[in-house]
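Trainee: Please pick one part of this model and take me through it slowly. I would like to see what surrounds the empty space inside it, and how the neighbouring parts are arranged.

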Amino acid sequence: MPVPCLFDQNKMPNLHEQLKAKLPEGVLEIHAQHGDETVVLRRANWIDAALFIREDPAFRMNVLMDLTAVDGRDLKWKPRFEVVAHFYSTEHNHRLRLKTPVDEKDAVVPTLTNLWPSANWFEREVWDMFGIRFDGHPDLRRLLMYTEFKGHPLRKDYLWNKRQPLIGPKN
Amino acid sequence: MALTPADNPLHPATLPDQETVIKRTRTESMLLNVGPQHPAMHGIVRIITELDGEEVVNADVEIGYLHRAFEKMAEQSGYLQVIPYTDRLNYVSPLINNIGYCLAVEKLFGLETTERAKYIRVIMSEISRVTDHLTCVGASAMELGAFTAFLYFIKAREYLYELIESVTGARLTISYSRVGGVKGDLPPGFRESCLGAIEKTRKEIKEVDALLTKNRIFVDRLKNVGRISKEDALAYAITGPFLRSTGVDYDVRRANPYLVYDRFDFEIPVGEHGDNFDRYLCRMEEMEQSFRIIEQAFEQIPEGPVLLDTDGTVMPGETMVDEAKMGRIENIRNVEAVIDPTLDGTTKVQYRNVETVNKRASLPPKEDTYGNIEGLMNHFKMVMMGHGIRPPKGEAYFPVEGANGELGFYIVSDGTDKPYRVRVRPPCFTIVAALPLILKGDSLADVVPTFGSVNMIGGELDR
Amino acid sequence: MEMTEKATGGYLTSRLNDMIGWARKYSIFQYPFVTACCGMEYMSTACSHYDVDRFGAGLPRFSPRQSDVLFVVGTISHKMAPVLKQIYDQMADPKWVVAFGVCTCTGGFYDNYATVQGIDTVIPVDVYIPGCPPRPENVLDGLIKLQEKIQGQKQEV
């Protein structure tokens, strides 16, 4: 049964199709479910696409609203992880979601920090929670958990109530 | 006996000359740690500042002291059970979080709530936004020594908490919104009490405005302090009053109107300098605009149900069977049945691999749950593990305007009764990330007003 | 001590222990260790509407060395627990601890890898105030319970 869409589909800017036309070999898949235009990219084209949507006059994505990851272990995704970024353009008032699959064995994605400074903390959080490293990141430390913490809690194989011993006061 | 200069080590003749002193003096910057538990930090965050004299040369912010694993807990519980967790994200304006989460799940379902529910959501969101701004402005004024303003604003907040309590039954952690509507209708006489409370709050705001806005000490502490440029603010993905104080008029309520925000006449206050004082003025003005929205909403609000009755267009299979058994077939003749192997216990085994959309989303009204067996069963069917509501497979991102900026929920559904992944885009996260940049060049004492204007909320920052 | 009856003669008698307890319970200098949501209700309790000053606990001290009751207000995470322990150790005797809100009592519904399941696993607690968050009335009730405890115990001088 098709899910009804609450958005006016005629008003959508179809950015995902434009990006696919621009980078035909780098785009794995596009969709616009629920009106969210989404492009799934190869990891090798992650930076190309980011540069393009930042500079192209039809896109002008000047805000990196959010960057996160999804662990697809329980859904048997191959590759296991997906890094998801949401962009927004204040000039055109439109949004775009970029995703890229990341393999568990080689969990590295090029960083977006040089293009959008907001990526700095978002990527640190993804490293902390999922263990995905960002190549070229200036300061990839844990963000939310403490340094003594072992493992990456938002991975599906980290048990939700697996507690680690309390650390004592420092000094 | 006369003293010789050699006897007095402080005699000008024995002191080294200026140049030697300068040559001998070694300068190095000092590291000063503020927090995690500090009286001027409402919230727990640790700021490590590098000081040259009193000037902040560099700063590093450490967060995560209130990490309560919201995103992990959301993956463990059903869609409806996430709602109480969202209350505790931004605990100063919990209603906006509630409503934002429910809107995101509704987007996954493709549901649209009833008109009355939309208006109620708008009214409650705006009341919440005012409580948030009252707390933020009051607390940051208190940290600068203006304790009176804080007392006045907490008094005003109390009027609004009483309103919220009369609608939701709780003061703070309200869990009021539901997927498909809101928990219950507004109580009788709410319009009058709400408008009365708004008048009283306006009076308090006016009083504080007279105390602070032209107060020399207050203005001097805020003006030209904590400045950030328009470009930097956008590059750091800062939203909300913090971004608007730099002159960008980005407000989700205007840019991507949700609920019924496109039907109201309201202004978006914009600053020009991007300093603490402009942020203070923006927040003060936004409260007035929120009141205007509430007043207009009361003019427009229609009567009607507040929780979506999802069998309006498409009816679940079991309801259809029930209706047919009772002989009421006129209503169902043209309705397409929805196969729902998950709720029909006996057929579940047969359809193990079939995944269908379950259109039922909303809990029955509490009167039904406590009053009759059908309501109770319906409720259990919605909340039991493995039985709850099941949005179709997919992903959705829904932004709402939180009190601190864009609050987005990104939900991935795998078709089961638990969300596969819930991600919150926390508004103050990006502002705290930009703090080192904002603090640089100001003096140490300016850390306090700047941090106050960030309005860092631990629950939302660390989740 | 029933003051009104016994003080009619211009003097009163009491045991030293009771006298010190009476003095201590109405001069509580509290240290609000505010971390989370409960802080909002702590603010409401402390401000004019509910006015905790009526119960002799109106003066928050933001230094552990100057305060004698530690109000732990809000969830304590594993990252925060060492800080809490250190602050408790810095307080001078006699000292009391109030667990404010269900997260500090038992961990509440945050039963997960990041949250301490009750602060009594880290420091001793005198009064538990449950509620998520507790209403201001509930907090005042907890405060009165603490005062009763202070009055009743043996006073170390």
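**Cavities and their surroundings in chain B**

Mentor: The lining of the second largest cavity is made up of seven nonpolar residues, three polar ones and one charged one. Keep in mind throughout that the model is predicted. The second largest cavity holds about 80 Å³ of space. Its lining comes from separate stretches of chain B: B:Gly78, B:Tyr79, B:Leu80 and B:Gln81, then B:Met382, B:Val383, B:Met384 and B:Met385, then B:Gly388 and B:Ile389, and finally B:Asp417. The charged residue in this list is B:Asp417. The polar ones are B:Gly78, B:Gln81 and B:Gly388, since Gly is counted as polar here.

That cavity is one of several. The structure holds nine cavities of 30 Å³ or more, and the largest has a volume of about 130 Å³. Fourteen residues line the largest cavity, and B:Ser140, B:Leu222, B:Asn276, B:Tyr280 and B:Ser453 are the ones nearest its centre. Four helices of chain B each give two or more residues to this lining: H5 (115–143), H8 (216–222), H12 (276–300) and H18 (447–454). Compare the residue numbers with these ranges and you can place each central residue: B:Ser140 falls in H5, B:Leu222 in H8, B:Asn276 and B:Tyr280 in H12, and B:Ser453 in H18. Sorted by class, the lining of the largest cavity has eight nonpolar, four polar and two charged residues.

A general point helps with the pair from H12. An α-helix has 3.6 residues a turn, so residues three or four places apart point the same way.

Now follow the helix that supplies B:Ser453. H18(B) is largely enclosed by the rest of the structure, because eight of its eight residues are buried. Those residues are B:Val447, B:Val448, B:Pro449, B:Thr450, B:Phe451, B:Gly452, B:Ser453 and B:Val454. Just past the end of the helix, B:Asn455 takes a positive phi of about 55°.

A little earlier in the chain is helix H16 (residues 427–433), which contains B:Thr430. B:Thr430 counts as buried because its relative accessibility is 2%, where the cut-off is under 20%. Its side chain reaches the backbone oxygen of B:Pro427 at 3.2 Å. Leaving out residues up to four places away in sequence, B:Thr430 touches B:Tyr236, B:Ala237, B:Ile238 and B:Arg425, and also A:Phe122. That last name belongs to chain A, so the surroundings of B:Thr430 include a residue from another chain.

Strands in chain B can be read with the same care. Start with E2(B), residues 46–52: its covered face carries B:Ile47, B:Thr49 and B:Leu51, while B:Arg46, B:Ile48, B:Glu50 and B:Asp52 are on the uncovered one. In a regular strand the side chains alternate between the two faces of the sheet. E2(B) has a partner in strand E1 (residues 30–34), which pairs with it in the antiparallel sense over five bridges. In that pairing, B:Met30 stands opposite B:Leu51, and B:Leu51 is on the covered face. E2(B) is also joined to strand E3 (residues 55–62), by seven bridges and again antiparallel. There B:Arg46, from the uncovered face, stands opposite B:Glu62. Two residues separate E2(B) and E3(B) in their hairpin, where B:Gly53 takes a positive phi near 70°.

Step back to the whole chain. Chain B has 19 helices and ten strands. Of its 463 residues, 61% count as buried. Among the contacts in chain B with a separation of 6 or more, 68% are between residues 24 or more positions apart.

Chain A, which touches B:Thr430 through A:Phe122, has three helices and seven strands. Of its 171 residues, 53% count as buried. It has a hairpin of its own: four bridges join E1(A) to E2(A), which run antiparallel, and A:Ile30 stands opposite A:Val39. Six residues lie between those strands, and A:His34 takes a positive phi near 55°.

Note on methods:
Residues numbered from 1 in each chain as written. Chains lettered and ligands numbered in written order. Heavy atoms only, no water. Buried < 20%, exposed > 50% of the residue type's maximum accessible area, 1.4 Å probe, protein only. Pairing = 2+ DSSP bridges. 1 Å grid on protein atoms, 1.4 Å probe; cavity = no way out; pocket = protein on both sides within 12 Å on 5 of 7 lines; lining within 4 Å. Points joined across faces, edges and corners; volume = space filled by probe spheres on them. Polar contact = N/O pair within 3.5 Å; in protein donor to acceptor, adjacent residues only side chain to side chain. Contact = heavy atoms within 4.5 Å.
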